[in-house]
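Visitor: Please take a close look at the aromatic pairs here, and give the cut-offs as you go.

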Amino acid sequence: MEQKAATITEYATSTAEEFWDYISPQRDVFGCKEGLIYRGQANADWKLEPSILRTKSHGIYQFPGLSGLDSSEISVFCEVYALSEFAKQCDSSGLRIPGDSPEFRRDYLNHFEVAKKVISGERFWASEEYSEIMALAQHHGLPTRLLDWSYRSYVAAYFAASDAIRICNSTPEQRLAVWVMLPGEEINAIGIIRVPGNNNANIANQSGLFTLLKQRCYPEQPKAGDNCLDDYIARTLVDHLAKITLPISESAKVLDLCRRYGVTAATLFPDYSGAVRATLEHFVRWSKTQCEDGRDIQAQALPELIKARSN
């Protein structure tokens, strides 16, 4: 089933198996199978908007005397200040920042000077010099302008399902989504940021990368351009973005399919916290399985297990 909204196609699937088929690497999307990137989201209605832009009430924007103001200078100032503070906290723990140098700190982490330079030069924010520190901070929980993507569709499916399965009181109408994008010159305001995996095991195991939707800055004005990547692509009138959706009720089955293909929290987060997350998700999958449903993936093993115990 296909629905067109501007230039963004939605493939609305009904079962985990159908969904899995649509996100298969063999699926021909946009007339090609190579170069696609994927992002999973627990709610198909959510926009492709970076976490730092979803609310102006975020603590990063609550700098004393500046909160509530909405201009390019203030936004750049607060975001660079957050990265500068992140670097300071890394220093206190003896943690290395990739691409770090005295020159980098002087030229790119001085929030007062950077804000003035960005505005006076009317350059796009953020520039590529911030890629590595933003990616590192983003992957450890600091909101930035980056969006996480993966070269592997099943990794995106895992993140969509693992977040969706935790949603309480979901309705039958609610759907999760895997977004598919084909980067290209036609959408040149979207920067593709690839970070070396040797500095971040999570990035390596997740085949991760990031997108950055650059915005033009002007004095005493909000940033020009879209906050949401999907809005920007819809305006370009090019067919570079699609999403595959599925009812949230199928999340447990998707997680089980991910497990069968070797995609779990333990493989995506290769440390003890990943192992714990995978353990907890193991029990969540079972608790969400409806044994009376003969189509359930996990339920198929129950009759043999019960039979074995009775012997």
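Guide: Y108 is partly exposed, with 24% relative accessible area, whereas its ring partner Y130 is buried at 2%; buried means under 20%, exposed over 50% and partly exposed in between, with a 1.4 Å probe and protein chains only. This is a predicted model, in which local features need pLDDT of at least 70 and side-chain atom pairs pLDDT 80 or more, while totals for chains, interfaces and linings use all residues. Residues are numbered from 1 along each chain as its sequence is written, and side-chain values use heavy atoms, leaving out hydrogens and water.

The whole structure holds nine aromatic pairs; rings of Phe, Tyr and Trp (its six-membered ring) pair if their centres lie within 6.5 Å, and planes under 30 degrees apart count as stacked, over 60 as edge-to-face and the rest as tilted. One of the pairs is Y108 with Y130, edge-to-face at 5.6 Å centre to centre and 90 degrees between the planes. Y108 lies in helix α3 (residues 102–108) and Y130 in the loop between β4 (124–125) and α5 (131–139), so the pair ties together parts 22 residues apart in sequence. Helices (H or I, at least four residues) and strands (E, at least two) are DSSP runs, numbered from the N terminus.

F159 and F269 also pair edge-to-face, with 6.0 Å between centres and 90 degrees between planes. Because F159 belongs to helix α6 (residues 153–164) and F269 to the loop between α10 (265–268) and α11 (272–287), this pair ties together parts 110 residues apart in sequence. F269 is buried, at 16% relative accessibility. W20, Y154 and Y261 form one aromatic cluster.
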